[in-house]
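The following exercises are to be worked through with the sequence and the coordinates at hand. Each task is followed by a solution in steps.

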Amino acid sequence: MASHTFLSLLLFYLYSFHLLRPIYCSFGSNGFETTSVPKEEEFSEELLLKPLPDYKVLAHFHFTSTSPPSSSNGKHHHLFPKSIAQLVKKYKIRELELSFTQGRWNYDRWGASDPLSTANGKPPGVELWALFDIPTKEEIDATWRNLTHSLSGLFCASINFLESSTSYSAPLWGFLPNNGDLRYGALPREAVCTENLTPWLKLLPCRDKAGIASLLDRPSIYRGHYHSQRLKLRSDGLNGIVIEQTLSVVLQPIDRTSWSMHQLFKKSLTGKCALAKSSKVFLEIEGTLVSQNENILELVGEADMVTNDQRDHSTIYQYNVERYSEHEALDIRVNWKKLLQVSFLQAPLHASRFLMGSGNERGSIAISLQSARNSTKGLYDNSKNCFTRVVIFQVVPWYVKVYYHTLRIYVDGAIRDAKDVVEKINVAPSEDKVSPGTLEMMLQFPCGMMSAALTLDFDKGFLHIDEYPPDANQGFDIPSALVSFPDFISRRIYPDSISSPLLQSYKGRNIVKSYTEVLLVPLTTPDFSMPYNVITFTCTVLALYFGSMVNVLRRRVSEEERLAKSKDKRKPGLIPLLISKISNKVRGIKEDSANQSQSSQPILGPKVVFKVVLIALIAVLGHYIFNSS
C-alpha cells in the first residue's frame with residue numbers, strides 16, 4: 001500500500017512539473033503559433049598572453065556571458081548575473097560600458113592599431129557611457145542619475161558623482177554615433193583597488209575559485225604597469241543580453257629574457273570552470289616577431305592549434321584548458337633568445353595634449369598630432385584617399401571656460417584657416433554650475449602632413465568654498481580627450497575553425513582610436529586656514545571679555561566685607577600693636593579714623609573700570625573684523 005502511495009505521489013509531482021514548465025512560443029510566417037526550443041545561457045572564459053616589444057607581457061582576460069531574451073527565461077537565471085539583468089530591464093539599457101583603469105596605455109611601445117589596444121586602451125580612472133531605449137531627454141537624464149547610483153553600489157565605487165549635470169555630457173557623433181540617447185561621464189581621479197575587482201568577479205559563475213579567473217592574484221595584478229577592468233553589455237529583443245568582462249594587465253617579468261604563466265600570476269591553471277562552455281588560453285605573437293620567430297622567441301609547451309591572421313599581422317597559439325588538471329597544470333613559457341628593439345603597428349597620428357600659459361587667470365589647451373605613417377602601412381580602407389580624417393572628442397568642466405572662437409590650427413608649423421581644415425564641428429558651451437563644455441570636431445589633414453597642433457584659450461573660473469575638494473591645492477582634472485581615425489580600421493581575420501568570442505571580436509570593424517593624457521589645471525584656491533584663525537581669535541577675545549564681566553558682576557561684596565572684618569578681629573601680637581599705636585600717634589591719626597578709611601575703599605576702582613572698557617572695545621573690534629571677513 002505504501003509503495004502504491006509513493007508511486008502515485010511521484011507521478012503527480014512529475015506531471016505537475018511538466019505542467020508548470022515554461023512553454024516557449026513564436027509566430028511563424030503564416031501567423032500561427034509555433035513552439036521552438038529556447039536558447040540556453042552560456043558562459044565562456046579565455047586568456048590571451050602577448051609579449052610586448054619592451055619585454056613586458058600583456059595578459060588579457062576575457063569572459064562572455066549570454067542570456068536569451070527575457071520572454072523566454074523570465075526572472076530566473078542559471079549562469080547570467082541577475083543584478084545585471086535587473087539593471088537592463090529597469091533602466092532600459094541598450095548598450096553600456098564601464099571601465100576602471102589604473103595607469104595609462106603606452107601607445108608608442110604597446111601598439112595603437114591592433115584590435116586589443118583599440119578596444120581595451122582606456123583613460124585613467126572611471127569611464128561610463130550608456131545608450132538608452134528611452135524617447136525623451138528628461139527621462140534619459142533621470143534614468144542616468146539612477147543608473148549611476150545603482151552601479152556605484154554594485155561596484156563599490158564613486159560612480160554616483162556622475163549624477164550631477166556638471167559631470168556628464170551628451171555627445172552626438174564624436175564619441176559614438178547616436179540619436180541623442182547617449183550619456184557619457186568620466187572620473188579621472190577615481191582610484192582602482194580590490195574593492196572594485198571583488199564585485200566584478202562575483203558576476204562570474206565560478207568567481208575566482210576555478211577556471212581562468214583563479215589566476216587573478218591581487219598583488220600580481222596591482223603591481224602591473226597598466227590595469228584596466230571593463231564591463232560591456234549589449235541588449236536587444238532578438239539576442240537577449242550579452243556581457244563582456246575583460247581585464248587587461250601589463251606585467252613586468254622578474255627575468256625579462258624568460259617568463260611563464262606561473263611566474264607572472266604566482267598560481268597554476270589546473271582546469272576550467274565547470275560551468276564554462278569553452279575555456280581557452282591564447283598566445284599571440286605579433287607579425288614583427290613572427291617573421292624572425294626562430295631567432296627571437298622560443299615557446300615551451302605544445303599548442304593544440306596554431307593559426308595565422310590572413311593579413312599576417314599575428315600568429316595565434318591555442319591551448320585548451322579542459323585537457324589539464326591538478327596533476328598536469330598548464331604553464332606556457334616564452335624565452336627571448338635575442339633582445340632586439342621592435343615596434344608594433346602604430347596609429348596614423350600620435351596624439352598628446354598639454355597646457356600652455358601661466359598664472360591663475362587664463363591659459364590654453366593644446367593638442368599635438370605627430371605623424372607615424374611609416375608604422376601604419378596597410379591600414380587605409382581606400383588607398384585613393386588623399387587626406388586623413390581625425391575626430392576629436394573633448395569634455396571640459398564648467399569652471400574651465402573655453403573660448404571656442406579662439407581655435408587655432410597649425411599644420412607643419414604654419415597656421416591654417418579653420419575653414420580649410422575643419423570638416424564638421426559641434427560645440428556645446430559650458431554653463432556655470434549646470435553643464436560642462438563639449439567639443440566634437442572632425443578635421444581633414446593632407447596626406448603628406450608630418451605634424452599638426454590645435455590650441456584653445458580658456459579662463460579659469462572661481463568656485464564657492466563648499467565646492468572645493470579636500471585636496472584643492474593639487475589641482476583639478478580635465479578628462480582625457482578621445483582622438484579617433486574613421487578611415488583606419490583595426491581588424492584581425494582568423495579561420496572560422498576557431499570558435500572564440502575573443503577572436504570573433506577581432507573581426508569587427510574597430511575604428512583606430514587613442515586617448516590623450518589627463519590634464520591637471522591649478523585654480524585659485526582660498527586660504528582655508530583663515531576662517532579657523534578668525535574663529536579662534538574671536539572666541540579668545542569673547543572669552544576674556546565675558547570672563548572679566550562675570551567676575552565683576554558676580555562678585556559678593558558682603559562676603560568680602562565679612563572676610564575683611566574677620567581679618568581685623570584677629571588680635572595681632574604685642575609688639576606689632578605697640579608699633580602701630582606709636583606710628584599713629586606720631587602721624588596724629590586716630591585709630592577710629594584709620595579703620596574707617598580702610599573699610600571705605602571703593603570696590604570698583606578706576607583700574608577695574610579701565611580694564612572692563614578696554615576688553616569691551618577689543619571684543620567689539622574683533623566682532624567687526626570677523627563680520628567684514
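**Exercise 1. The largest cavity**

How many nonpolar, polar and charged residues does the lining of the largest cavity have? Establish also where this lining comes from.

*Solution.* The model is a predicted one.

Step 1. Cavities of 30 Å³ or more are counted, and there are six. The largest cavity has a volume of about 70 Å³.

Step 2. Its lining consists of Y107, D108, A112, Q346, A347, L349, H350, A351 and S514. Two elements, helix 4 (107–110) and strand 17 (349–356), give two or more residues to this lining. Strand 17 has the largest share, with three residues.

Step 3. Sorted by class, the lining of the largest cavity has five nonpolar, three polar and one charged residues.

**Exercise 2. The largest pocket**

Determine the volume of the largest pocket, the elements that line it and the classes of its lining residues.

*Solution.*

Step 1. The largest pocket holds about 960 Å³ of space. Its lining comprises 33 residues, and those nearest the centre are F161, S167, L187, Y399 and F476.

Step 2. Strand 8 (182–187), strand 19 (387–396) and strand 25 (476–478) are the elements that give two or more residues to this lining. The largest share, four residues, belongs to strand 8.

Step 3. The classes in the lining of the largest pocket are 18 nonpolar, seven polar and eight charged residues.

**Exercise 3. The second largest pocket**

Carry out the analysis for the second largest pocket, and name the element that gives the most to its lining.

*Solution.*

Step 1. About 800 Å³ of space is found in the second largest pocket. It is lined by 36 residues, with L176, K232, N510, I511 and K513 closest to the centre.

Step 2. Several elements give two or more residues to the lining of the second largest pocket. Among them are the strands 4 (57–67), 5 (93–102), 9 (226–236), 10 (240–251), 26 (482–490) and 27 (510–515). Helix 5 (115–120) and helix 13 (501–506) also belong to this group.

Step 3. Helix 5 gives the most, with five residues.

Step 4. The division by class is 16 nonpolar, ten polar and ten charged residues.

**Exercise 4. Strand 26 and its partners**

Which residue has a side chain joined to that of D487 by a polar contact of 3.0 Å? Describe also the surroundings of P486.

*Solution.*

Step 1. Both P486 and D487 are found in strand 26.

Step 2. D487 has a relative accessibility of 9% and therefore counts as buried, the cut-off being under 20%.

Step 3. The side chain of D487 makes its 3.0 Å polar contact with the side chain of R389.

Step 4. When neighbours within four places in sequence are left aside, P486 is in contact with R389, V391 and I511. R389 thus appears both in the polar contact with D487 and among the contacts of P486.

Step 5. The C-alpha atoms of P486 and V512 lie 7.3 Å apart, although the two residues are 26 positions apart in sequence.

**Exercise 5. Burial in two helices**

Identify the buried residues of helix 7 and what covers them. Then decide whether V541 is buried or exposed.

*Solution.*

Step 1. In helix 7 (residues 194–201), N196, L197, P199, W200 and L201 are buried.

Step 2. The cover over these residues includes strand 4, strand 5, strand 9 and strand 10, together with helix 6 (137–155) and helix 8 (218–222).

Step 3. V541 is found in helix 14 (residues 530–553). V541 is buried because its relative accessible area is 9%, and the cut-off is under 20%.

Step 4. Apart from its neighbours within four places in sequence, V541 is in contact with I618 and A619. The C-alpha atoms of V541 and I615 are separated by 7.8 Å, with their positions 74 residues apart along the chain.

**Exercise 6. The chain as a whole**

What percentage of the residues of the protein chain counts as buried? Add the secondary structure, the contacts and the surface.

*Solution.*

Step 1. The protein chain has 18 helices and 28 strands.

Step 2. Of its 629 residues, 44% count as buried.

Step 3. Among contacts with a separation of 6 or more, 76% join residues 24 or more positions apart.

Step 4. The accessible surface comes to about 33900 Å², and carbon and sulfur atoms account for 56% of this area.

Key
Residues are numbered from 1 along each chain as its sequence is written. This is a predicted model: local features need pLDDT of at least 70, side-chain atom pairs count only at pLDDT 80 or more; totals for chains, interfaces and linings use all residues. Side-chain values use heavy atoms; hydrogens and water are left out. On a 1 Å grid over the protein atoms alone, a cavity is a set of points where a 1.4 Å probe fits but cannot get out, and a pocket is an open set with protein on both sides within 12 Å along at least five of seven lines; lining residues have an atom within 4 Å of a point. Grid points are joined across faces, edges and corners, and a volume is the space filled by probe spheres set on the points. Ala, Val, Leu, Ile, Met, Phe, Trp, Tyr, Cys and Pro count as nonpolar, Asp, Glu, Lys and Arg as charged, and the others, Gly among them, as polar. Buried means under 20% relative accessible area, exposed over 50%, partly exposed in between (1.4 Å probe, protein chains only). Contact means heavy atoms within 4.5 Å. A polar contact is a pair of N or O atoms within 3.5 Å; within protein, one must be able to donate a hydrogen and the other to accept it, and residues adjacent in sequence count only if both atoms are side-chain atoms. Accessible areas come from the Shrake-Rupley method with a 1.4 Å probe; for residues, only the protein chains shown count as cover.
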